[in-house]
Amino acid sequence: MMKSFASSTLNLIFCFFVIINIINVDDVSDAADFNVQTGSLKITSPEAIRQTADSAIGDFGVPLYGATLVGEVVVPPTGEERGCAPLSKQLVATSPNMPVIALLTRGDCFFVEKVHNAQQAGAAAAIIMDNVDEGLLTMANPVDNPSVDIIAEKVVIPSALVAKSVGEAMRGALKEGSRVVAEMDWKESISHPDDRVEYEFWTTSNDGCGPNCERQAAFKRDFAEKAIKFDQGKHTLSTPHFLMWHCTNHESTSSTTDKEGCYSQCIRGGRYCDPTASSDEQSRSEVMGGGGGIKPVLGREVMAENLRQLCLHRNAAQNGQSWVWWEYASRYVDECPATGSGSRGFGRDCSLRVMDDISREFRGAIDLQKIESCVGDVDEDLPHPLLDEESKLQAGSTQRTKVILLPTIMINERQYRGRLDVQSVMHGLCAGFDESTEPAACLSSVIERNECTRDNDFGGCWKSDSAGTFHACLDTFRGYRCECPSGFRDAAGESADLETKGKSCRDIDECAEGTHECDQTCENTVGSYRCLCAPGYRLVLDRACFVSDMCKAFPNGGCGAHATCISDPVEDKRFDGREADGRCQCDDGYVLDPHNIKMCIKEHKFHEGISIGMFVLGSIVVVLLLATIGYSLYKWRLRQHMDAEIRQVLSQYMPLDTTAAAGAAAPAPPREFGDEFTRDFNDSYHEDDTSTMPLGEIRASKKAAVEEEEQRDGNTTNAVVHDMAVVRFAEEDDDDDKDNQDRRGGTTAN
């Protein structure tokens, strides 16, 4: 019973997923309609049927996004109008070199088969007229028919479906013998608001479901390099999405086996299921994507990987590195195929290994911990916010179309139609840039045809001569526009409209207007100007003039009197060559001034006098010598003066000796305080040469001796005198200390 349920569910998805979006029944009323992407069809001839109508772009072939195709409408031979079989003869226009647009009728076979047969018959494009009166629809490529899928890969021309009335008008004019000319226009099929394109890629991580999945895997591998460069250059912002369906009917069934079958395809309690994978190990061959996959994987495994990739992109985009997803997706395709196993096969182990490799290679571009936290428990029976966002985007809204085809690319919110290959998708992306803002890659000959050539007379824009040496045709991705080139000004002025702009241009005389950048002389040329330099200069970088010969560039090379300019070849390292420079050579009897090498001064011999420098140096030495002698005399005189004052003060305050015998002839001279103290101290000190009395005790002894003598004499020394004596004692102590150290040092040495 489980197998029966799985088969019926998968067949339902397989048959109808490309037509309707499988969503919750409650959400059907809120879901957006599927928008048919259209181009414009303009019938320009004959006048009787001239009109402009919408045309639905086919989902195969190569739509010429951003461009137009003008051709002659031709119908197949009678009986072959539907184009379901190879045409019996080639389709040829009545005018030479005019592209052929095949007009076919809907019915009896697939759209892609009709277009392929028209291509084989020489058509540059195909228009298919509806066979019933109804609204336009998208001509899709069936995914369940491998033989038709092979044909679709061969279709390289654009195609469109038009209403029955439009097709009948063209067919009627052709039956009357009129020549029908039409213009197929894809310029506005993709919006182009600014200089950045935002696009979405709806895909699956499953590469084992058949040709459709294999084609998506190959596209990821081949397109990754260009996608990464565009994202890194801020030209594009890419976002991956993953198509899913909801296994909601399991709540209304009483069969436990049916519920298990639903859960095997889904995660989070059957809420999110992958439409490309199998439901069990036995029935893995009947899956969306064409069937016949070499080793399809369980739906829950695919959905888990889809969620992992969504979390990876979300984390990378938050860091401004949305391109990381392309790096991962291209590696996962190669390193984690469905045929592998473990860390080398489809699943979580291989995914984490690839992420870790990228993180180490690009210095933390992937945060594994955040991604694992984002994925969470896939078996948890709760909604996941990221997958709920995906479901809403897939269902569409009033602002955006729903997504029902796998794969789907949306460029600036418009669904891309055409082949899934690098060149075709690049064409679509380049059409999304505002005109003249597209990157250089969009103007390569592989992507875009240069329409500003001599073959089409430079688009009818102004040209300076028949060869178009200068012309006003500016090639763009969407075609061309007339705009006077640099160095020319539009004759119609700034007020020129689109019809007159670039039709007549005149040369700008930059020299006369003063807009040139020459250092010296400006000479006007057609479309530009050139710079010239005076003799002795050379032109550098087409603008600047540098001195090459000083003797020619300046009068006498700028040398002063008594000097002659001499040109000498010297190596000029700035410009990698040998250039003639110049130097000043003095006349006899003169030498170069060391302060100015362009001036000469009279040469002086040594015996004719002393140089100013020597005189200044000698003067400085004499002044320093005199200052040293003066300072020494001053210090000596000051010491003598202080000693005299001290003696005078002591002689006034110290008492005379009254112990002399009566009748002495004359009083004894006043005692010299310092002499007596020094004599007493020296007598006491020399009594014992080996005394080791500390210096502090010696000083204290001196001070005590003075005080004792003052008390004995009955007088108290004035405080000022006392301080002077102490200062003198300190000086004498220092001298005694030195003598004592010298004597002790001599004793030790002996």
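## Confidence in the model

pLDDT is the predictor's confidence in each residue, on a scale from 0 to 100. With that in hand, let's see how this predicted model fares. The protein has a mean pLDDT of 78, with 75% of its residues at 70 or more. Strand β5 (residues 125–129) has the highest confidence, at 96, while helix α1 (residues 2–16) has the lowest, at a mean of 38.

Two stretches call for some care. Residues 1–32 have pLDDT below 50, yet in the model this stretch has 62 contacts beyond near neighbours in sequence. Residues 250–257 are also below 50, and here the model has nine such contacts. Where pLDDT is low, the predicted coordinates should not be read in detail.

## Where α5 meets α12

Now to a helix pair you may like to bring up on screen. Helix α5 (residues 211–232) and helix α12 (residues 422–430) have axes that come within 10 Å and cross at roughly 35°, and the crossing is right-handed.

From α5, the residues in contact are Phe219, Asp222, Phe223, Lys226 and Phe230, which meet Val422, Val425, Met426 and Leu429 of α12. By class, this contact has seven nonpolar residues, two charged ones and no polar ones.

## The largest cavity

Helix α5 turns up again here. Across the whole structure, a search finds five cavities of 30 Å³ or more, and the largest holds about 80 Å³ of space.

Its lining has 13 residues, with Thr204, Ser205, Asp207, Lys220 and Val333 nearest the centre. Helix α5 gives the most to this lining, with four residues, and α8 (324–335) supplies at least two. By class, the lining has six nonpolar, five polar and two charged residues.

Key: Residues numbered from 1 in each chain as written. Predicted model: local features only at pLDDT ≥ 70, side-chain atom pairs only at ≥ 80, totals over all residues. Heavy atoms only, no water. Axes fitted to C-alpha atoms, helices over the stretch in contact; angles between N-to-C directions. Left-handed = near helix turned anticlockwise from the far one by under 90°. Contact = heavy atoms within 4.5 Å. Nonpolar A, V, L, I, M, F, W, Y, C, P; charged D, E, K, R; others polar. 1 Å grid on protein atoms, 1.4 Å probe; cavity = no way out; pocket = protein on both sides within 12 Å on 5 of 7 lines; lining within 4 Å. Points joined across faces, edges and corners; volume = space filled by probe spheres on them.
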